[in-house]
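Hi everyone, thanks for coming. I'd like to walk you through a structure that is probably new to most of you, so let's put it up on the screen.

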Amino acid sequence: MAEQLQEHCPATDIYEIALSTVGGEIFSMLNANHSIMVRFDDSNFYSININKECSDFQFEIEVYFGYYIDVLELQELLELCENGTVIEKLFCDPFSIYSVSYVNDPVFPYFSGVDIFFTDELHHCTAWFRNFITQKNYTVANDDLNFFLYNMTSCWGMMSLLNQQNVFILSPNEYDMQGMLVLGAMAAGFSQPDYKEVFIGTQDGSCMKRFVEYFYLNSYYTSEEYLLSLDVIIEFKNENSCIEVYYNCRKDWDYILPVDIPNKSLAYLQMVIAGEVTLVNFFVLYIFLQKANRSPTTILLSMLAVSDTLTALFICIPTIIAYQFYHHHISFNGTVLSWNLIDYNSCIISGATDFKYAFHLLSVLITTLLSIQKAIALRFPLWSIRGLTNNRSVKVSAIALTLSIILFLPNVVIWKILSKDVDGRCCIDGDLILKYYDVYRNINLTSDILTVIAIFISLVCTIYITSKLTCLRRNLPWSDNMTVRKKHLMSAITVVVICGIFIASEVLHIMTGVMFWIVNYYDLESDYKLVTLLESTKQYSDLSLLIGFSLNFVVYLAMSTQLREKLLNGAKEITGSKQRETNMVLNYVDRNNDESRQWCQNNHMDMIMIKTESDYDEVKNKLTSESVDTSFQFWIALYWNRDQHQFLWRDNTVLNFSHWCNEEAISCQCPCSSLGKGARQDFSNYTIDELFEMLAPQLAKMEKELSVDKSNLSATVNKRISAKDERKSSQSIGILGIVFIVSVILGVVIIDLISLIHFLKPKLIRGNTDTSGPEERQD
């Protein structure tokens, strides 16, 4: 460093050099004497040399370092050491001349000779002063310097001294040395709104230890932080090429937005879970997207696998990149680790994190649609067979995907607008971020509201499904056997577990969103406890989501036998471990379907399912090898499901392959003969609706033959008769009731007969006594 040549003009009283209404910023100075520098807002610079005996003043004044203090407060502090301080004005001797040269340091360009630098690039003071000294032939007097700072420009507010300790660094112990980047803050000039970040990093741990030891010896330590001067940093950097110093974006309101990442143990745990989720979901997609396995449920599960995988990848990709390629740019930001100094080419990584929230919302919506689908299937079983189709599952999945992308797309666009290239770094325009921040915050709030609504719908569906499978079945006209009850109970428990996992994995995410909105809406960034809670919750919310993703398919497979068998068969086909059934037995004894299957099971076998071309070829070869007459018929494991109006195999999978059902192949006794010759056609290329239309007459005939006259059912007949009761008490009460009713009726009838007799008797008497003829009566 060049020798300090500033002249000092002593003053005896603080009021001689400053008005009582002004104030200024205080900084400690790195020199042999204990001194501080005060930059008053009336453009004057003063140094205050402190005697070593003035420990009280030194202790009291250090709390103001880097902050504003008015003259009255400063005077009160000076009175603590009245005779131990000397006040001097800087750059006041008009005859002092400096030989100035410009040092183009890549981080902190400064001017040797006068040993000053400018902290603010907004007004381009460094470039202006460089041109100024060029015009002066690199020889500048105090008058020239003052003219440039106060008259020609207003750069006095951005000027600092090289030995001015205005870089604040927290104690390295708080970093636990997990990262090799020390984060500091340079005090701002009067025209700057905030401190500017300074990053000191290295890829060599031993180099960082040497730097820490160096600035321990050459810094001023307060109760909370270390104060460094720029000449200490520059000197160490020049002597040790292993250290790198980075300055934040030059413009006042621009800054490099760090990306929060978890600590190493949590990061590796997230990576392992994300890897497991990715591998499992790729396997699931491979199986479910095969034509034979496509169904409304598997289509939704496939979209769930896609959304979970993409969310897991977007959660872990920034962490992987940071730890693998930029570990020396990781430091603590508050209470969490952050990836700092993101270069412009990596800007897209920060912007792409919004897609993490988009695909997470898609996962929430698909999970809710699966709950709704299950509830509809239980509430409207007949309609669901026709209504819940593959096409509709594809459409609702596309709608959910479109909604999620559209909701978060503005955030990605806003990020692109805000980010810009400054010295190769990804800098954010602070002026524009205030303009768009409300949009960003409200989009996240909308996502949280949709998540809460989805959780509520899933909870309602879970309650309905559980009730339908348990307590509501008690109102049915029949009673389930113990096996059915256990099956329904296990299904209900599984549904409850799925809903519980879903809600538990989303709780921390919702809490994070709500706290983020509260902190920003009510300007609570200064609330340390709340911000710390928010940062911690945010880290563990990603972990809870990943755990939920990893458990999704485990629970779904536990719930569905069909899904398990599809995945198991797919795994066997992939690994080549699927064994063909070679021990096929043809039984020629005449039995019905139930007896045939019972015979198979008694011999540790089961009736065959012809699902694929290879199954068909194997059966055909068996029949050919035994020279079976084509007119002979065998039972197979296929049955007609009346509720679903379709053929199902014994494992409840749908009949998709039916090439075996023709004249030259196997004559299937049960399904084909009961439907007539039309059933011997190849149905593999027909849609479900076309099959219903073709088979409508046969199905109607079957339904008519199997229908029962309700008037002859015992339930209908019993409504019209009374149940017989053999108890004597009941018979006695019945006889007594009959006697009472008959007595009342007889009493009424007798009374009416008596009245009728009294009414008719006079007429009968007159009729009997009058014996004259008509002629006589006429006379």
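I'll talk about the annotated spans, then a cavity, a salt bridge and a surface patch.

One thing to keep in mind from the start: this is a predicted model.

Let's begin with what the record says. In an unreviewed entry, UniProt lists several stretches as "transmembrane region", among them residues 357-376, 492-519, 539-559 and 733-760. How do two of those spans look in the model? Residues 357-376 are 100% helix and 0% strand, and their end C-alpha atoms lie 29 Å apart. Residues 492-519 are likewise 100% helix and 0% strand, with 40 Å between the end C-alpha atoms.

Now, let's go inside. How many cavities of 30 Å³ or more does a search of the whole structure find? There are three, and the largest has a volume of about 130 Å³. It is lined by 13 residues, and those closest to its centre are Thr 367, Phe 502, Ser 505, Gly 548 and Asn 552. Which helices contribute to this lining? At least two residues each come from α10 (347-379), α14 (482-521) and α15 (528-559). As for character, the lining of that largest cavity has seven nonpolar residues, five polar ones and one charged.

Next, please look towards the start of the chain. The whole structure has six salt bridges, and one of them joins Glu 25 to Arg 39, with the closest N and O atoms 3.0 Å apart. Glu 25 sits in strand β2 (residues 23-29) and Arg 39 in strand β3 (residues 34-40), so this pair ties together parts that are 14 residues apart in sequence.

Finally, let's move to the surface. Here Phe 740, Ile 741, Val 744, Ile 745, Val 749 and Leu 753 make up a nonpolar patch, and together they have about 560 Å² of accessible area. Ile 745, one of the patch residues, belongs to helix α21, which covers residues 728-769. The UniProt span 733-760, from the list I mentioned earlier, is also here.

That's my tour, and I'm happy to go back to any part of it.

Technical notes
Residues numbered from 1 in each chain as written. Predicted model: local features only at pLDDT ≥ 70, side-chain atom pairs only at ≥ 80, totals over all residues. Heavy atoms only, no water. Patch = residues over 30% accessible without salt bridge, like charges linked within 9 Å, V, L, I, M, F, W, Y side chains within 5 Å. Areas by Shrake-Rupley, 256 points an atom, 1.4 Å probe, with all protein chains shown as cover. Salt bridge = Lys/Arg side-chain N within 4 Å of Asp/Glu carboxyl O. Helix = DSSP H or I, 4+ residues; strand = E, 2+ residues; numbered from the N terminus. 1 Å grid on protein atoms, 1.4 Å probe; cavity = no way out; pocket = protein on both sides within 12 Å on 5 of 7 lines; lining within 4 Å. Points joined across faces, edges and corners; volume = space filled by probe spheres on them. Nonpolar A, V, L, I, M, F, W, Y, C, P; charged D, E, K, R; others polar. UniProt positions renumbered as here; feature names shortened; annotations may be inferred.
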